[in-house]
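The following exercises ask the reader to work through a protein model step by step. Please have the sequence and the coordinates at hand before beginning.

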Amino acid sequence: MTDTEPAPAVRETAESIATMEIRGAATIASAAAEALAEQAEAAAEADATASDPEAFRASMRAAARTLRETRPTAVSLPNALRYVLQRMEGDSVDRLRRSVVDASEAFVEQLDRAQEDLGQVGANRLADGDTVMTHCHSTDALACIEAAVEQGKSISAVVKETRPRQQGHITAEQLREAGVPVTLIVDSAARRYLDEVDHVVVGADSIAADGGVINKIGTSGLAVNARERGVPIMTAAQTIKLHPETLTGHTVEIEMRDEAEVIDPEAREEIGDIAVENPAFDVTPPRYMDAIVTEQGQFPPESIVTLMRELFGEGAAEPWAEP
Ligand code: RUB
C-alpha cells in the first residue's frame, strides 16, 4: 500500500457498494465509516504512512475519495465520510489513527440509535390492525413497522417487488421474520392494492432542502397514487439522509445503472435497435409526502430545511479533497 492507494479492505468495501452487495443508504454509510477505520489501522502500519502524519492524512483522504466514487445518490455515504474525517485530529500517526477509529465507532453507534429512535416515532403513526405498503428495502422504514409490532400492534404488509433488483424480496423476508403477514405484489399492482392499505412507508437515499425525497425509482409514482387514494405516506429517514449541498442550490445526482438489470442482452438483441434506461432513484415532490420521520421527531417535508440548517449550517465541507 502506498500513501495514496487505499487499503485492500477499503477497495473491497468500495467494490461491494458499487456492485450492491452492500446496499441501502444506512448500510452503505456504516460500511463506509468502518472502511475508514480499517484504512487508519492499515496506514498506521504501512511503511509510507506509519511515521508521517501528513502522509497518513493523505491516505485517509484518498480512501474516502475511493468510497465516495462508488454510488452517487445516497448522501449518507459522503455524510459518513465527512463525520469521520472532520474528527481526524492529532500530531502523531497514533493519535490520528485513534481519532479515526473512535469517530467511526461513534458514527455507527449513532446510526443504530437514530434508527431505533425514528422507529418509535414512525410506529406512533401506525395503529393496531393497520396494513402498510412498502417499496424497495429500507432499514429505516422497517424499523417503524418492527417498532409498531413490538408495541403490540398487529400490522400486515403489502410489499412491492421493486423492479429491477427486487429488493422487495428482502423486505418480505424480514417482515415475515418479524411476524408480519406479507403479501408480495408486482410494482404495477400497487394502485389496485392501495384501497386495502392504511399507510405507505418508504425510506430515503437523500432529502433535499425543499423537502423533496429521493428514494428508489417508483417512489414518486406510488406517492402520487397514495395521495389520489387518500392513503397517508411517510418517509422514514435518519438525519444523515439530509443532503447539505442542496442548501446551496445543488441538485441530487440520480444514479443510472446498467441496462442489463432491466433486460437480458439476448432479449434485447432480439428486439433490435432500442434504447434502454435504468435510473435507480426518483424525486418525490414534498407536496405528495405527508411526513418525514427522523430520530428528531416527525417533520412536514417543507420544514425539513430548518433541521438541515441546524445540522449542517449553510453548506457542506469536502474533507476528502486534496488541500
Ligand atoms: C435502496 C433504497 C432505500 C434507501 C433507504 O436503494 O432506495 O429505500 O436507501 O434505505 P438501493 P435505508 O437498493 O439501490 O441501495 O433506510 O436502509 O437507509
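Four exercises with worked solutions follow.

The structure is a predicted model, in which local features need pLDDT of at least 70 and side-chain atom pairs count only at pLDDT 80 or more, while totals for chains, interfaces and linings use all residues. Residues are numbered from 1 along each chain as its sequence is written, and side-chain values use heavy atoms, with hydrogens and water left out.

**Exercise 1. Describe the largest pocket and its lining.**

Solution.
- Step 1: Settle the term. On a 1 Å grid over the protein atoms alone, a pocket is an open set of points where a 1.4 Å probe fits, with protein on both sides within 12 Å along at least five of seven lines; lining residues have an atom within 4 Å of a point.
- Step 2: State the volume. The largest pocket has about 470 Å³, a volume being the space filled by probe spheres set on the points, which are joined across faces, edges and corners.
- Step 3: Find the centre. The lining comprises 21 residues, and Tyr83, Gln110, Thr239, Ile240 and Phe312 are the closest to the centre.
- Step 4: Assign the elements. Helices (DSSP runs of H or I, at least four residues) and strands (runs of E, at least two) are numbered from the N terminus. At least two lining residues come from each of helix 4 (76–86), helix 5 (93–124) and helix 11 (304–312); helix 5 gives the most, with six.
- Step 5: Assign the domains. Domain 1 (8–117) and domain 2 (124–312) each contribute at least three lining residues; these bounds come from an automatic or database domain assignment.

**Exercise 2. Which strands pair with strand 4, and are its faces buried or exposed?**

Solution.
- Step 1: Two strands pair if DSSP finds at least two bridges between them.
- Step 2: Strand 1 (residues 131–134) runs parallel to strand 4 and is joined to it by three bridges. Here Met133 has Val200 as its bridge partner.
- Step 3: Strand 7 (residues 233–236) also pairs with strand 4 in the parallel sense, over three bridges. Val201 is partnered with Met234.
- Step 4: Buried means under 20% relative accessible area, exposed over 50%, and partly exposed in between (1.4 Å probe, protein chains only). In strand 4 (residues 199–202), His199 and Val201 on one side and Val200 and Val202 on the other are all buried.

**Exercise 3. Characterise the backbone at Cys136, Thr162 and Pro164.**

Solution.
- Step 1: Cys136, in the loop between strand 1 and helix 6 (139–150), has a positive phi near 65° although it is not glycine. Cys136 counts as buried because its relative accessibility is 8%.
- Step 2: Thr162, in the loop between strand 2 and helix 7, has a positive phi of about 75° and is likewise not a glycine. Its relative accessibility is 0%, so Thr162 counts as buried.
- Step 3: Pro164 lies in the loop between strand 2 (156–160) and helix 7 (168–177). The peptide bond from Arg163 to Pro164 is cis, with omega near 0°.

**Exercise 4. Locate Glu261 and identify its side-chain contact with Arg257.**

Solution.
- Step 1: Glu261 is placed in the loop between strand 7 and helix 10 (265–271).
- Step 2: Glu261 is buried because its relative accessible area is 16%.
- Step 3: The side chains of Glu261 and Arg257 form a polar contact of 2.8 Å. Such a contact is a pair of N or O atoms within 3.5 Å; within protein, one must be able to donate a hydrogen and the other to accept it, and residues adjacent in sequence count only if both atoms are side-chain atoms.
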